[in-house]
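The following paragraphs are an explanation for a reader who meets this structure for the first time. Please keep the sequence and the model in view while reading.

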Amino acid sequence: MTTVSGQKSGGLKLVLFGPPGAGKGTQAQLLRDRLGIEHVASGDLFRHHLSNGTELGEMARDYMNRGALVPDEVTIGMVIDRIGQIGGGEGFMLDGFPRNTNQAQALESALGERGQGIDRVIHIQVADDELIRRLSNRYICRACQRPFTRDAATGAPPERCEDCPDGGDIYQRDDDTPEAVANRLTVYHQETAPVLDFYRERGLLADVAGEGSVEAVNASVLQSLEIAGE
Ligand code: ADP
Ligand code: ZN
């Protein structure tokens, strides 16, 4: 593998890859603080549209609640537009996109037109039974999207987000129901996992074990980027 310090052009461009519940969002926040690159999460973009009641959001709602992929005609444009708003010299990390090989191809073409490309794809690996356990215990801050979990001792989720100045509201996502979770995992294995081969063939894939502590996973992620941890 080439070192990511030999980036293709501009800031570091990463894909955080892995099944729902692998910890992509958590690692993205740590990487953003550390590297100062933008976090572009397709699911967050959709949820933003949903809460603003846009046409795109209305269109995506049913797919999301079922845990199905929103059609590419909608998704690809939305994410590529968002990337286009980021200056050429700045880096970003994608989270939740690409989720099938068609999206991976569209991303490669769009970046290619700008003389850019993805520098590394970090694949966070977690077994299905652990993912199911995590998703059923997951809560999100409505304001900043930070994930939280139930308190180990009391079994209760936190009442307010400690990161948000006015204490963001904590809620459980509609698609973290058992049926939707099962469907999201099936979709991941059938449609999303083939994207791994797409990036493996291009020599961009780094596998990271995702079942350790947040800190341990973060250390492995930084190692995969050849950046020393604390
Ligand atoms: P998770 O990774 O926890 O499943 P996300 O927040 O990434 O959740 O996505 C939530 C939902 O948004 C998905 O189940 C899907 O319906 C939709 N979605 C997000 N990203 C994509 C994408 N790249 N392609 C199609 N649908 C997407
Ligand atoms: Zn918050």
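A residue is called buried when its relative accessible area is under 20%, and exposed when that value is over 50%. The model shown is a predicted one, and the description begins with a residue to which this definition applies.

R184 has a relative accessible area of 9%, and it is therefore buried. This arginine belongs to helix 7, which comprises residues 178-192. Leaving aside residues up to four places away in sequence, R184 touches P20, G67, L135, R138, R173, D175 and D176. R184 is also listed with S42, R47, A68 and G96 as the closest of the 20 residues that surround ligand 1.

The description now turns to the ligand itself. Which polar side-chain atoms lie 3.2 Å and 3.0 Å from an oxygen atom of ligand 1? The first distance belongs to a polar side-chain atom of R138, and the second to one of R173. Both R138 and R173 are also among the residues that R184 touches. In the case of R47, an N or O atom of the side chain is 2.9 Å from an oxygen atom of ligand 1. On its own, ligand 1 has 540 Å² of accessible area, and the protein covers 96% of this area. Two elements give two or more residues to the shell around the ligand, namely helix 2 (42-51) and helix 3 (55-66). The largest share, four residues, is provided by helix 2. Sorted by class, the shell holds eight nonpolar, five polar and seven charged residues.

Helix 3 also has a buried side. Its buried residues are G57, A60 and M64. They lie on the same side of helix 3, because the arc that they cover around the axis is only 75°. Helix 2 is included in what covers these buried residues. On the face turned away from the buried side, helix 3 carries the exposed residues E55 and D62. Just after this helix, G67 takes a positive phi of about 80°; G67 is one of the residues touched by R184.

Another buried residue is found in helix 4, which spans residues 72-84 and contains M78. With a relative accessible area of 9%, M78 falls under the cut-off of 20% and is therefore buried. Not counting residues up to four places away in sequence, its contacts are S42, L45, F46, H49 and L56. The C-alpha atom of M78 is separated by 31 Å from that of Q223, a residue 145 positions apart from it along the chain.

Q223 leads to helix 9, where, together with E215, it is exposed. Which residues of helix 9 (residues 214-224) are buried? They are V217, N218, V221, L222 and S224. Because these residues cover an arc of only 155° around the axis, they are placed on the same side of helix 9, whereas E215 and Q223 are on the other side. The buried residues of helix 9 pack against helix 1 (24-35), strand 4 (120-125) and strand 8 (205-209). Just after helix 9, E226 takes a positive phi of about 55°.

Conventions
Residues numbered from 1 in each chain as written. Chains lettered and ligands numbered in written order. Predicted model: local features only at pLDDT ≥ 70, side-chain atom pairs only at ≥ 80, totals over all residues. Heavy atoms only, no water. Near = heavy atom within 4 Å. Polar contact = N/O pair within 3.5 Å; in protein donor to acceptor, adjacent residues only side chain to side chain. Areas by Shrake-Rupley, 256 points an atom, 1.4 Å probe, with all protein chains shown as cover. Nonpolar A, V, L, I, M, F, W, Y, C, P; charged D, E, K, R; others polar. Buried < 20%, exposed > 50% of the residue type's maximum accessible area, 1.4 Å probe, protein only. Contact = heavy atoms within 4.5 Å. Arc of directions from axis to C-beta.
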